[in-house]
Amino acid sequence: MQAVLSIAGSDSSGGAGIQADIKTIAAHKLFAETVITALTAQNTTGVRDVLNATPQFVTEQLDAVFEDIPPQAVKIGMVSQVEIIQAIAEGLRAHQAKNIVVDPVMVATSGSRLIDEGAQNALVSSLFPLADVITPNLPEAEALMGRTIATEEQMEQAARELAAQVGAVVLIKGGHLSDAADDVLGFPDGRVRWYRAPHIATDNTHGTGCTLSSAIACGLAKGLSVEEAINQAKTYVRGALSAGLDLGHGSGPLDHMWAYE
């Protein structure tokens, strides 16, 4: 059994972050490992408090994982402090990690920024160069590019530019642009590929981005190409959204185990 490592924050409500990643990895019949960057007190209605891990403890977790059960792929979620970002980058380089998927969680669904400019710069300079796949949503792509992205042509151009800048493939998720779930994949050589899918009518989307990036990492761990891994991951997320799980008083979680019901 291949192992997949999630480096992210803990979501006490179980819908996003580390918990969503563990469920996704298990649903793909792989072995989940974790490096927890922060503890959160949250539920489907919002975040109450955050307690960040120290950079030293993040390093200790990384070393413990790689020295015993080295993962076949790594997913990186929300990391909001420069020092933690640097510790992750140093650890991944030291252990020669492969198949790295970075989900740059920078902008909340409400539009609020989740990390400051210094942490964003560290994310771009320290973690993006290590990544095989980067998965920003539309507001995050706008933050990275420093401009508005309002059309499919602008999505394509942003995907091309960002991929060329960092040397990794970039999947810009276009759910904020229209009622469809159309995403564009940009390659460093300038190619693009669209993944088109219908919008699924549900308010329960908590953890969708975490789930998609983890599922991509699972595909890479199984030896799929990047394009195949993304296609499989989108199919998995569609099933988890379509299952109609309805928990909590806010934006509820996905049904990560939909395929086994």
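Me: Hi! Why do α5 and α6 count as oblique to each other?

Reply: Hi! This is a predicted model, and in it helix α5 (residues 138–145) and helix α6 (residues 152–166) pack at an angle of about 55°. An angle under 35 degrees would count as roughly parallel and one of 65 to 115 as roughly perpendicular, so α5 and α6 come out as oblique.

Me: And what is the distance between the axes of α5 and α6?

Reply: The axes of α5 and α6 are 11 Å apart. The crossing of α5 past α6 is left-handed.

Me: Which residues make that contact?

Reply: On the α5 side you'll find Leu138, Leu144 and Met145. Their partners on α6 are Met155, Ala158, Glu161, Leu162 and Gln165.

Me: Cool. What about α3 and α4, at what angle do they pack?

Reply: The angle between α3 and helix α4 (residues 117–127) is about 10°, and their axes are 9 Å apart. That is why α3 and α4 are described as roughly parallel to each other. From α3, the contact uses Val82, Ile85, Ile88, Ala89 and Arg93. From α4, it uses Gly118, Ala119, Ala122, Leu123, Ser126 and Leu127.

Me: Let's stay on α3. Which of its residues are buried?

Reply: Ile84, Ile85, Ala87, Ile88, Ala89, Gly91 and Leu92 are the buried residues of α3. Ile85, Ile88 and Ala89 are worth finding on screen, since they are also among the residues that touch α4.

Me: What span should α3 have?

Reply: With 13 residues at 1.5 Å a residue, α3 should span 18 Å, and its end C-alpha atoms are indeed 18 Å apart.

Me: What happens just after α3?

Reply: Gln96 comes just after α3 and takes a positive phi of about 50°. Gln96 is not a glycine, so to speak, but a residue with a positive value all the same. You can spot Gln96 in the loop between α3 and β5 (100–102).

Me: Is Gln96 buried or exposed?

Reply: Gln96 is exposed, because its relative accessible area is 69% and anything over 50% counts as exposed.

Me: Which other residue has a positive phi without being glycine?

Reply: Lys29 is one of them, with phi near 60°. Lys29 sits in the loop between α1 and β2. Its relative accessibility is 60%, so Lys29 counts as exposed.

Me: New topic: where are the ends of α2, and how many residues does it have?

Reply: Helix α2 runs over residues 55–68, which is 14 residues. The expected span is 20 Å and the end C-alpha atoms are 20 Å apart, so the two agree.

Me: Which residues of α2 are buried?

Reply: Those are Val58, Gln61, Leu62, Val65 and Phe66. Looking down the axis of α2, they fall within an arc of 120°, so the buried residues line one face of the helix.

Me: Why can residues three or four places apart point the same way?

Reply: An α-helix has 3.6 residues a turn, so residues with that spacing end up pointing the same way.

Me: And what do the buried residues of α2 pack against?

Reply: They pack against β1 (3–11), β2 (31–43), β4 (73–76) and α3 (82–94). The face of α2 turned away from the buried side carries exposed Gln56, Glu60, Glu67 and Asp68.

Me: Now α8. How many residues does it have?

Reply: Helix α8 (residues 226–242) has 17 residues and reaches 24 Å from first C-alpha to last, close to the expected 24 Å. Its buried residues are Ala229, Ile230, Ala233, Lys234, Tyr236, Val237, Gly239, Ala240 and Leu241.

Me: What covers the buried residues of α8?

Reply: The cover includes α1 (17–27), β7 (169–173), β8 (183–186), β9 (192–195) and α7 (208–221). Just after α8, Gly244 takes a positive phi of about 80°.

Me: Is Glu228 exposed, buried or partly exposed?

Reply: Glu228 is found in helix α8. Its relative accessible area is 44%, so Glu228 is partly exposed.

Me: Last one: at what angle do α1 and α7 pack?

Reply: They pack at about 40°, with axes 9 Å apart. That angle makes α1 oblique to α7, and their crossing is right-handed. In α1, Gly17, Ala20, Asp21, Thr24 and Ile25 meet Cys210, Thr211, Ser214, Ala215 and Cys218 in α7.

Definitions and conventions. Residues are numbered from 1 along each chain as its sequence is written. This is a predicted model: local features need pLDDT of at least 70, side-chain atom pairs count only at pLDDT 80 or more; totals for chains, interfaces and linings use all residues. Side-chain values use heavy atoms; hydrogens and water are left out. Helices (H or I, at least four residues) and strands (E, at least two) are DSSP runs, numbered from the N terminus. The expected span of a helix is 1.5 Å times one less than its number of residues. Buried means under 20% relative accessible area, exposed over 50%, partly exposed in between (1.4 Å probe, protein chains only). Contact means heavy atoms within 4.5 Å. The arc is that of the directions from the helix axis to the C-beta atoms. Axes are lines fitted to C-alpha atoms, for helices over the stretch in contact, and angles run from 0 to 180 degrees between N-to-C directions. Angles under 35 degrees count as roughly parallel, over 145 as roughly antiparallel, 65 to 115 as roughly perpendicular and the rest as oblique. A crossing is left-handed if the near helix is turned anticlockwise from the far one by less than a right angle, and right-handed if clockwise.
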